[in-house]
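Visitor: Could you take one part of this protein and go through it slowly with me? I'm new to this, so please explain the terms as you go.

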Amino acid sequence: MDGKVKEQKRHQAKHSGPKAQKKLKKQGGSTEEDECKRNPKAFAVQSAVRMAKTFHRAQDIKTKKHHIPLVDRTPLEPPPVVIVVVGPPKVGKSTLIRCLIKNFTRQKMGDICGPVTIVSGKKRRLTFMECNNDINTMIDLAKVADLVLMLIDASFGFEMETFEFLNICQVHGFPRIMGVLTHLDSFKNNKTLRKTKKNLKHRFWTEVYQGAKLFYLSGMVYGEYQTQEVKNLGRFISVMKFRPLVWQTSHPYVLVDRMEDLTDPERVRTDPKCDRTVSLYGYLRGTHLKNKGQVHVPGVGDFQVSDVNFLPDPCPLPDAQKKRALNEKERLLYAPMAGVGGVVYDKDAVYIDLPANHVNQQQEEVRPTTELVQSLIDTHATLDAKMAASKVSLFSGSVTLDPTDIEEKEGPHEKQVWDPNTQRERRAVVFTEEEEEEDAVTGSSDEEDDNSEDSEQEKEADEEDDNLSTFLKDARARSERTEKTAPPVKRQRVEEEMLVFADSEDDLEMSEEESEEKGQSGRAGDSGHCSEEDEEETEDEEEEDDDQESDDESTVELDQHFLNTLAKDKSDFIFAISSFHFHVVLTLIRRHVILFPSSGTLKWKEGLQQKASEAFLRHQEAAPNLRKLVYGSEADDSEEDKEELGGLFRVSRPQKSKKFKANAVDCSRFIPDTSHNWDLEEVMLNSIRDCFVTGKWEESQDAATLLKEDEELYGDFEDLETGEVHKGQTGEKDDDNDDEAEESLVKVDDEEVQKNKRLDKKRRLKERFDAEYDDGDATYFDDLKEEMQKQAELNRAEFEDVDDETRVQYEGFRPGMYVRLEISSIPCEFVINFDPHYPVILGGLGSSEGNIGYLQMRLKKHRWYERILKTRDPLILSLGWRRFQTIPLYHIEDHNGRHRLLKYTPQHMHCGASIWGPITPQGTGFLAVQSVAGTKANFRIAATGVVLDLDKSVTVVKKLKLIGYPYKIFKNTCFIKGMFNTVLEVAKFEGASVRTVSGVRGQIKKALSTPPGAYRATFEDRLLMSDIVFLRSWYPVSVPQLYNPVTSLLLPVGQKDNWAGMRTMGQLKHDLGIRNKPNADSLYKSEAKGISTPSTFPKELQKSLPFKSKPKQQQSKGKTPRDLQRPSVIREPHERKVAALLHALSTVHNYKRKKAHMVQHAKHKEFLQQKGKQEEAKLKRQKEARKKLYRVMGQMDRKKLRSSLKGAPQED
């Protein structure tokens, strides 16, 4: 604050680093080359081995980057990049989207509903979509995502939703995936944070790929992530490149960002459950979309598109300008489902949504566009009612005129007139009864009445016209008095107060600067719809007006006030000139001029009628525009006169346009020009002279000139039919020398041409030789990439200069267009239960993808899914765009090519699966889930696989064992019964091999007449009557035809994740409480306890056994003699009491002794601990003493050693 200006830090130029090198290259120098020249030895090869290693590593890295090149089919204006934000609940998905939107557009958003499209840079737009925890949403969004932001709660770790989504992506084409770690601020210890980051990063790399990008959002500030971190994430998103995915690039699809119900309201009222017609809007992605094609809406079903249109881009890219950043107007945000973006586009209209607070703010600033919109919003009466209530004041201070005052005589009326020429009824405009009567009597036209002043003055002698003229005189006198008393008004101020008359909304949308420019031209009150002649006349009148301005200033002011009063009351309604008002005003002006022809103040209006009639005749003589007659508008091919506001609205410039003439007389009516005197023969001849060959023609159309050109072009030729040779005219004979000179010139030219041909041939041969023998640095991969690049350029250049309307008819709607698809017969539940939080996708189907048939697949149960899958259990598949339920049959191919049915899927192996479903191209991946209802604690993806075949070529068979029993046995021949039922069945199996349970093989020979189904068979060996004979056969199994689309979007709001289809057999039994009765033979049986017999060992074995294992010879105790048996003592009551007392005393004594023992034990334990501690201390002391002693002894030894090295002292 001492008056010293703070000196800004100077810019320090970079002397090293990439920027400095870049600048040096631009200047034409190179640091590397200079260093090499200055010190060549420093840059020589130091180690051949190290150089070889470096070279090999560089080649490995280069080779790893190689991939199969694809033709780049991305359009010049690509559609927005779809960014799907995925993660478990409460991990920060919505917050991240809001922060990214704020980073790119500087706007805040509330609830994230549906897709949100923003402009992120000069050449890139982004569409954000939040993915909730529903598996249906995860599957659908994985198919359309270009980039996945995978949010991971670092404080909790990975959750199952993350791995489920990764597996879905791997099946349907892997988009770019970036991990984002949140909740890092919950870690207080920095070491734990680093360790967690490292563990999560390496696990994430295992799932995605080594080196996958993982972002860290360290914490939140006021409910938002830190600005710098969000900006860094936004930068990565802005520059990221995307690999085209096969399914996306081969199918058109639309991520719907707006939905409209087009059904007739009356039909909905009468039948609320009727099928609806809806229009869906969104950016087309993938490949070209043809009209009337088939589309699939995941969660709804297959539909036929009834109509497709392309609309103006609601979120256009900025104009191609060399600048670093976008300005505020170009930071667009378009999210119709979230209610953001006030402009909504339709096929035939543009809807502008203005919130109430926005309108209140804009009312303070008077702007034409807002006034127009606001007046339309706030209007309570129709335009006809307002016109009827409006009043016109011709002069300032004069009495206002009501339309009802002059409507009876002056108002225009419509009359239906039959035109015999065109054979149709036409709507004639009748102005007054008097004019009609005079037309009927005199037969003169309206134009002739206008041309003659005398007839008009005679008509004005009526009583009513006298009254009107007196009224106008009084009004004019009053206005003159007010003009004399009032101070002079400046023209500029008057022009500013003028209200612009508009016949359309486009006229009112012109900017203030343009209106000021028009005001400076002197026609501020003009509506602009006038012909060129009228403009010239008005300019002449203005010049006269300027000349008279110094003489009579009041006239000018009167004229300006006259124009100003036409639009005095702006607040009443938006003034638009109707045919009625226009006629009334013109009639009054005309009569006003005629009533005062000799007035000194109106000199500039003299001759007005004559000028008007001349302009009218010139206008009528012009050739009629047939397009305007038929269609009512002109084709405006030139883009010069068109201006656009914000790339959306086109501003009309009627006064600048030469083709548009508003309020003009019908140009189809021709008025003969009276200026030609047709009685004179010379006039008549001159008018038709140029219609003949002898007349004056233009040079390009002259017959002689055209013949000469043809002769020069074709020259000599031979008639092939007659053989006659026709030679071109060589001119006069005097020009021989000229011809010779020309011939010599032609020869020289021919020689040059031949020389150039030879040179071209040599050059081509050399190029071919070089291509064959000079390999160069180009590899096959480079050639392939170059070929793809050329193909992409060809594709772009084919329709580059064609306009969109024509281009769409040839190639369909191209990706990047904002399209509107109309679909009829969609279920009413889709509209009634519409929830913008769930994505609506329109996936285009190929020519055969709409059919349903048999599909052969290769399938593997997911290793994380707990249960194995059972054949004939319904399974929900995600295949192509569709999600549907079907019944698969699992089978495996044997070594002989037989496809054997499996009851369950193998544990860690692929197996085949046959289903009935939609035809999908071979090689398309799919995934299977058992249920999509709710969230399960376990992993939800049951299996993954790929489509192999699209036909019923594979026959799945299952094993069938037929059992029979022998009833007659003759050596090796047997009669078997019970295996078949008829003789015919036996005849089919003659020669088949059979076996017995014991393994004896045999063969069926011939059927027996009785019993039915019995047959004779021969075997290798004689059978027993107890043998069972069986025949192994293979039975073909038919695939169940079940195709049940998952219609999750038709469910009510809040229940869309509860879709339940067909239940499995296990679920049905559980729900119905059915338990299978087990087979009695399969149950475990308890062993019946029999009489155990003692085991006996041989004597020799007993001798060799060790004593422990020898059986002991115990003598059985005999019965105790009766005299030795002690009798039972029965105590007396007193004895029982004494025994009880002794027992109680012994119990107490035992308890006390036990307690004392425990105390003693605890004391002893404590004593041992103390003793141990003392022992430890003692050992420690001894250790320290030993150390001390050893240290002293060591010092003494070192001292002795030192003294011995020095030698004995001299004194000694």
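Guide: Here is a walk around one helix and its surroundings, with a few other spots afterwards. This is a predicted model, in which local features need pLDDT of at least 70 and side-chain atom pairs count only at pLDDT 80 or more, while totals for chains, interfaces and linings use all residues. Residues are numbered from 1 along each chain as its sequence is written, and side-chain values use heavy atoms, leaving out hydrogens and water.

Let's start with the whole thing. The protein has 36 helices and 39 strands (DSSP runs numbered from the N terminus: H or I of at least four residues for helices, E of at least two for strands). Of its 1212 residues, 33% are buried (under 20% relative accessible area; exposed is over 50% and partly exposed is in between, using a 1.4 Å probe and protein chains only). Look at contacts (heavy atoms within 4.5 Å) with a separation of 6 or more, and you'll find that 71% of them come from residues 24 or more positions apart.

Now zoom in on helix α4. Just before it sits Gly92, in the loop between β1 (81-86) and α4 (93-105). Gly92 counts as buried because its relative accessibility is 17%. Setting aside neighbours within four places in sequence, Gly92 is in contact with Leu151 and Tyr225. Gly92 and Tyr225 are 133 residues apart along the chain, yet their C-alpha atoms are separated by 9.6 Å.

What does α4 pack against? One partner is helix α8 (residues 227-239): the two axes are 10 Å apart, at an angle of about 75 degrees (axes are lines fitted to C-alpha atoms, over the stretch in contact for helices, with angles from 0 to 180 degrees between N-to-C directions). So α4 is roughly perpendicular to α8 (65 to 115 degrees; under 35 is roughly parallel, over 145 roughly antiparallel and the rest oblique). On the α4 side, Leu96, Cys99, Leu100, Asn103 and Phe104 make the contact, while α8 brings Val230, Lys231, Leu233, Gly234, Ile237 and Ser238. Sorted by class, the contact of α4 with α8 has seven nonpolar, three polar and one charged residues (nonpolar: Ala, Val, Leu, Ile, Met, Phe, Trp, Tyr, Cys and Pro; charged: Asp, Glu, Lys and Arg; polar: the others, Gly among them).

Stay on α8 for a moment, because Phe236 is found there too. With a relative accessible area of 36%, Phe236 is partly exposed. Apart from neighbours within four places in sequence, Phe236 is in contact with Met178, Lys213 and Phe215. Phe236 and Met178 are 58 residues apart in sequence, and their C-alpha atoms are 9.8 Å apart.

Tyr222 is worth a look as well, in the loop between β7 (220-221) and β8 (224-225). Its relative accessibility is 83%, so Tyr222 counts as exposed. Most residues other than glycine have a negative phi, and most peptide bonds are trans. Phi of Tyr222, though, is positive, near 55 degrees. Lys292 also has a positive phi, about 60 degrees, and lies in the loop between β11 (276-285) and β12 (294-297). As for peptide bonds, the one joining Thr1010 and Pro1011 is cis, with omega about -15 degrees. You'll find Pro1011 in the loop between β36 (1001-1007) and β37 (1015-1019).

For another helix pair, try helix α5 (residues 135-144) and helix α6 (residues 160-172), whose axes come within 9 Å and cross at roughly 40 degrees. That makes α5 oblique to α6.

Last stop: helix α31 (residues 804-811), the place of Glu811. At 14% relative accessibility, Glu811 counts as buried. Its side chain makes a polar contact of 2.5 Å with the side chain of Arg807 (a pair of N or O atoms within 3.5 Å; within protein, one must be able to donate a hydrogen and the other to accept it, and residues adjacent in sequence count only if both atoms are side-chain atoms). Another polar contact, of 3.4 Å, joins the side chains of Glu811 and His288. Arg807 is in α31 too, and at 14% relative accessibility Arg807 counts as buried.
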